[in-house]
Amino acid sequence: MTIKERVAIVSNLQKISSDVFNETIKSLKLGISEVDIAKLLRKNFEKRGITKFWYTVPEVVLIGSERFKIGTTTTDYRIKSPSKDSFLQEGSTVYADLSPMDSVTKIWGDWNGMLVFQPRKRVDNEQVAFLEEVRNIQLNGISRITAQTTGADVASYYLEEYKRHSITLLDVRNNVGHSMHEGSKDRAKRIWLDLNNVNPLGEGIFTIEPGGARGDLVGRFEECIYIPKEGNAIVLSTTNL
């Protein structure tokens, strides 16, 4: 399979995840649980022909800042799994991490979105602004990536920006993304975007997902990008290839 074919499949999966998330949030109601939201996400994936997922927990859903902090800093899928005891309230943050897989090629996507549900005037302004701040930092970092950029370069940029903005990185492996590989999870050898990775990233498909917190404010967005031989990285969920 050519890199162009792989990029096209990942791009389609990313767009599906974005569409599923945007459709699902229209159905959110006060009092529903993480499990309820995960079921809505699954239903909307199935409507689009997606029945396979790469991660052990197909839809990671975390409501509220404490659940977010715990869920994004552990490898324990019993904790990451949607909870029937975590309920949506006014001003709750809602985080969804999605990993749909193409059933034929076993290539997968990796996308997450986040929002504040029914934000209260003045009360939730800081959290809403923080999500925008984190998103802007993520996209600004992506815009700087070229074929010559190394994993360490990417990690350094986000760590320095987070330090400048007084944001603490939240990641179980202390990285800001990873490579995308087809096939089962137990056979994948992902390349991490951390300070130890000094290899250029050109012609690779990677996720960029620097999640963080400033006190009780939390935020994380994830995008898959393709890094061509020439030019800057391409965000696959928003680009028509």
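Colleague: How many bridges join strand β3 to β5, and how do the two strands run?

Modeller: Strands of a sheet pair through backbone hydrogen bonds, in parallel or antiparallel fashion. In this predicted model, β3 (residues 93–98) and β5 are joined by 6 bridges and run antiparallel. Individual pairs can be read off: A96 has G113 of β5 as its bridge partner, and D97 stands opposite N112 in β5.

Colleague: What is the strand order of the sheet, and which strands are at its edges?

Modeller: The sheet is open, has 3 strands in the order β2-β3-β5, and its pairing is antiparallel. The edge strands, β2 (59–63) and β5 (111–116), each pair on one side only. Direction ignored, neighbouring strands are turned by 10° against each other on average.

Colleague: Which helices pack on the sheet, and which strands do they touch?

Modeller: Helix α1 (residues 3–24) touches β3 and β5, and its direction makes about 20° with that of β5. Helix α2 (residues 34–47) also packs on the sheet, touching β2 and β3. The direction of α2 makes about 145° with that of β2.

Colleague: β5 is an edge strand. Are the residues of β5 buried or exposed?

Modeller: In β5, 6 of the 6 residues are buried, so the strand is largely enclosed by the rest of the structure. W111, G113 and L115 point one way from β5, while N112, M114 and V116 point the other way. The residues of both groups are buried.

Colleague: Now the empty space. What is the volume of the largest pocket, and which residues lie nearest its centre?

Modeller: Rolling a probe the size of a water molecule over the atoms shows where empty space is left. Here the largest pocket has a volume of about 350 Å³. Its lining consists of 25 residues, and those nearest the centre are Y55, Y77, K80, D97 and R173. Two elements, α4 (77–80) and β3, give two or more residues each to the lining. D97, then, has two roles to note: it stands opposite N112 in β5, and it is among the residues nearest the pocket centre.

Colleague: Next, a charged side chain. Where is E223 found, is it buried or exposed, and which side chains does it make polar contacts with?

Modeller: E223 is found in strand β11 (residues 223–226). With a relative accessible area of 2%, under the 20% cut-off, E223 is classed as buried. Its side chain makes a polar contact of 3.0 Å with the side chain of R135. Another polar contact, of 2.6 Å, joins the side chains of E223 and S237. Leaving out residues up to four places away in sequence, the residues E223 touches include Q14, W111, Q138 and V235.

Colleague: Q138 is on that list. Where does Q138 lie, and which residues does it touch?

Modeller: Q138 lies in helix α5 (residues 125–143) and counts as buried, at 1% relative accessibility. Beyond four places in sequence, Q138 touches Y158, I208, P210, F221, E222 and E223. The C-alpha atoms of Q138 and E209 are separated by 7.4 Å, although the two residues are 71 residues apart along the chain.

Colleague: And K189: where does it lie, and is it buried or exposed?

Modeller: K189 lies in the loop between β7 (177–179) and β8 (205–208). Its relative accessibility is 71%, so K189 counts as exposed. Apart from neighbours within four places in sequence, K189 is in contact with S179 and H181. K189 and S179 are 10 residues apart in sequence, and their C-alpha atoms are 8.6 Å apart in space.

Note on methods. Residues numbered from 1 in each chain as written. Predicted model: local features only at pLDDT ≥ 70, side-chain atom pairs only at ≥ 80, totals over all residues. Heavy atoms only, no water. Pairing = 2+ DSSP bridges. Helix = DSSP H or I, 4+ residues; strand = E, 2+ residues; numbered from the N terminus. Axes fitted to C-alpha atoms, helices over the stretch in contact; angles between N-to-C directions. Contact = heavy atoms within 4.5 Å. Buried < 20%, exposed > 50% of the residue type's maximum accessible area, 1.4 Å probe, protein only. Polar contact = N/O pair within 3.5 Å; in protein donor to acceptor, adjacent residues only side chain to side chain. 1 Å grid on protein atoms, 1.4 Å probe; cavity = no way out; pocket = protein on both sides within 12 Å on 5 of 7 lines; lining within 4 Å. Points joined across faces, edges and corners; volume = space filled by probe spheres on them.
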